[in-house]
Amino acid sequence: MITDDMLARLAPGAAREPDRDVSSHGATLGCGVDLNAADGFRGDLNVKVIAESSSSYNPSYNEKTQTEECDGIGAPLSQDGPGDRSCFVVHPWDGSQSRIDGWAFVGGHYAAKVAYQLQEPQQFPAGAEQDLRDLLDAAAASLPAD
């Protein structure tokens with residue numbers, strides 16, 4: 001999902017690293033980029049898609065979890081999309097880092113997450129916010145509907 005063009009803009013010179021965690025409770029598939037390998041960059045870029053098993057699904061817990069995930073990044077949970085519910089936030093330089101974070105929730109079992117953290121440089125590359133929005137859209141669209 002992190003295209004070559006996106007990688008060149010957000011982490012020039014860095015490589016994608018796949019990530020996978022599968023258990024009886026669900027699965028998480030992701031792609032991470034260590035920006036420390038990029039020219040003039042320090043930080044991280046990540047996208048993940050998450051599936052919970054139907055046996056572990058609890059609607060009230062799931063809604064609470066969605067709200068907590070969005071609270072954790074400092075963004076309100078919305079029904080505006082992508083997905084059924086989502087949140088997205090851009091945090092400019094705070095003295096130690098700049099961040100873009102987003103969550104999208106599809107049905108009761110699926111979620112997508114994006115995170116872009118910069119420690120160097122202090123400003124996001126041009127188009128970074130739109131790239132992360134597009135990445136979250138693509139991740140959410142890859143998930144099945146319940």
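**Notes on the predicted model: a loop, a helix and a pocket**

1. Start with A126: its relative accessibility is 70%, and since anything over 50% is called exposed, A126 counts as exposed. Bear in mind throughout that this is a predicted model. You'll find A126 in the loop that runs between β6 and α3. If you want a distance to check, take A126 and G40: they sit 86 residues apart along the chain, and their C-alpha atoms are separated by 15 Å.

2. That loop between β6 and α3 also holds P121. Have a look at the peptide bond joining E120 and P121, as it is cis, with omega at about 0 degrees.

3. There's another cis peptide bond to look at, the one between G81 and P82, where omega is about 10 degrees. P82 belongs to the loop between α2 and β4.

4. On to helix α3, residues 128-141. Does its length agree or disagree with what 14 residues should span? It agrees: at 1.5 Å a residue the expected span is 20 Å, and the end C-alpha atoms of α3 are 20 Å apart.

5. Which residues of α3 are buried? They are A128, D131, L132, L135, L136, A139 and A140. Viewed down the axis of α3, these buried residues fall within an arc of 165 degrees, so they line one face of the helix. The cover over them includes α1 (4-10) along with the strands β3, β4 (85-91), β5 and β6.

6. D131 deserves its own point, being a member of helix α3. Its relative accessible area is 6%, and because the cut-off for buried is under 20%, D131 counts as buried. Leaving aside residues up to four places away in sequence, D131 touches M6, R9 and L10.

7. Now the largest pocket, with a volume of about 190 Å³. Its lining is made up of 15 residues, and those nearest the pocket centre are I50, E52, T65, F105 and A111. Four elements give two or more residues to this lining: β3 (42-52), α2 (59-73), β5 (98-106) and β6 (110-120).

8. Which element supplies the largest share of that lining? It's α2, with five residues. Sorted by class, the lining of the largest pocket has seven nonpolar, six polar and two charged residues.

9. One link between these points: β3, β5 and β6 each give two or more residues to the lining of the largest pocket, and β3, β5 and β6 are also among the elements covering the buried residues of α3.

Definitions and conventions
Residues are numbered from 1 along each chain as its sequence is written. This is a predicted model: local features need pLDDT of at least 70, side-chain atom pairs count only at pLDDT 80 or more; totals for chains, interfaces and linings use all residues. Side-chain values use heavy atoms; hydrogens and water are left out. On a 1 Å grid over the protein atoms alone, a cavity is a set of points where a 1.4 Å probe fits but cannot get out, and a pocket is an open set with protein on both sides within 12 Å along at least five of seven lines; lining residues have an atom within 4 Å of a point. Grid points are joined across faces, edges and corners, and a volume is the space filled by probe spheres set on the points. Ala, Val, Leu, Ile, Met, Phe, Trp, Tyr, Cys and Pro count as nonpolar, Asp, Glu, Lys and Arg as charged, and the others, Gly among them, as polar. The expected span of a helix is 1.5 Å times one less than its number of residues. Buried means under 20% relative accessible area, exposed over 50%, partly exposed in between (1.4 Å probe, protein chains only). The arc is that of the directions from the helix axis to the C-beta atoms. Contact means heavy atoms within 4.5 Å.
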